[in-house]
Amino acid sequence: KQLALLNTNSAVRTCGFDFSGNIIMFSTDKQMGYQCFLNFFDLRDPQQIGTNTHDEVFSNDNNPYLSIPCSEHKITSAVWGPLGEFVIAGHENGEINQFSAKSGDILKKAKEHTRQINDIQSSVDLTMVITASKDNTSKLFDSNSLDHIKTFRTERPVNSAAISPTMDHVVMGGGQEAMEVTTTSTRIGKFEARFFHATYEEEFGRVKGHFGPINCVAFHPDGKSYSSGGEDGYVRIHYFDPQYFDFELEA
């Protein structure tokens, strides 16, 4: 059952609940003459999320308690920081910003990527985030300070990256942009999920399977499997073999 409807002037690119589940954030695209905005709504406030007793949904007068314009470079990915104090947003120019959920101010900035950030995901305890970028790298950052911790390098754009909840591992997926797929040969090995050791920054495994770029990767919360979604229309769920859990990278 639909509870509420929020109309926007342009496409919605990112969204998420904060730690409490009471505040939602979403960002809209810069298109059709409209600005990119990062919007914050409090679900407990009927003025912001208007619903009707007659099972109809009000959508005309819903106003966010905070709307932050991003005039320079649009937001391409975003996640909540720990405790719901700020949102960590990646931009099309490779910049990362922390936006305060209270004031809307930019609390911290980092510019470690040279091209668009395609994806940001948090570690299970929200202390770190991992980015995936068009510049062929994925990077690990401290959520609070935005200090750059590690870099994982590949030869192709990275569309998505995730941090294992139980191991010192990250998984990355990518290949290239969907619009370029038809112009290149589908050589084996281009669309593999790639596993890196989070501490040593070394690649230790690849998993084949997709016939097109991987758009999204995620670890299961128990750390025993991962899934990947590809441009080929498949979601693949892989369960790790027993030796995966005994694997130690020789330092």
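**Exercise 1. Determine which strands each supply at least two residues of the lining of the largest cavity, and characterise that lining.**

Solution. In this predicted model, strand 18 (225–230) and strand 19 (235–239) each supply at least two residues of the lining of the largest cavity. The next step is to list the lining itself, which consists of Ala193, Val207, Lys208, Gly209, His210, Ile214, Tyr226, Ser228, Arg236 and His238. Sorted by class, these residues comprise four nonpolar, four polar and two charged ones. Finally, the volume can be added: about 30 Å³ of space lies in the largest cavity, and the structure holds one cavity of 30 Å³ or more.

**Exercise 2. Describe the largest nonpolar core, and state which strands each supply at least two of its residues.**

Solution. The largest nonpolar core has 15 residues, and those with the most contacts inside it are Met25, Leu38, Phe40, Ile75, Trp80, Val87 and Phe99. Strand 2 (23–28), strand 3 (36–42), strand 4 (66–70), strand 5 (75–80) and strand 6 (86–91) each supply at least two residues of this core. Taking Met25 as an example, and leaving aside its neighbours within four places in sequence, one finds among its contacts Leu38, Phe40, Trp80 and Val87. A second, separate core of eleven residues includes Ile130, Ala132, Leu140 and Val170.

**Exercise 3. Summarise the protein as a whole in terms of its secondary structure, burial and contacts.**

Solution. The protein contains one helix and 19 strands, and 47% of its 251 residues count as buried. Among contacts with a separation of 6 or more, 42% are between residues 24 or more positions apart. The exposed area is about 13100 Å², of which carbon and sulfur atoms supply 49%.

Notes. Residues are numbered from 1 along each chain as its sequence is written. This is a predicted model: local features need pLDDT of at least 70, side-chain atom pairs count only at pLDDT 80 or more; totals for chains, interfaces and linings use all residues. Side-chain values use heavy atoms; hydrogens and water are left out. On a 1 Å grid over the protein atoms alone, a cavity is a set of points where a 1.4 Å probe fits but cannot get out, and a pocket is an open set with protein on both sides within 12 Å along at least five of seven lines; lining residues have an atom within 4 Å of a point. Grid points are joined across faces, edges and corners, and a volume is the space filled by probe spheres set on the points. Helices (H or I, at least four residues) and strands (E, at least two) are DSSP runs, numbered from the N terminus. Ala, Val, Leu, Ile, Met, Phe, Trp, Tyr, Cys and Pro count as nonpolar, Asp, Glu, Lys and Arg as charged, and the others, Gly among them, as polar. A nonpolar core is a set of buried Ala, Val, Leu, Ile, Met, Phe, Trp, Tyr and Cys residues joined through side-chain atoms within 4.5 Å. Buried means under 20% relative accessible area, exposed over 50%, partly exposed in between (1.4 Å probe, protein chains only). Contact means heavy atoms within 4.5 Å. Accessible areas come from the Shrake-Rupley method with a 1.4 Å probe; for residues, only the protein chains shown count as cover.
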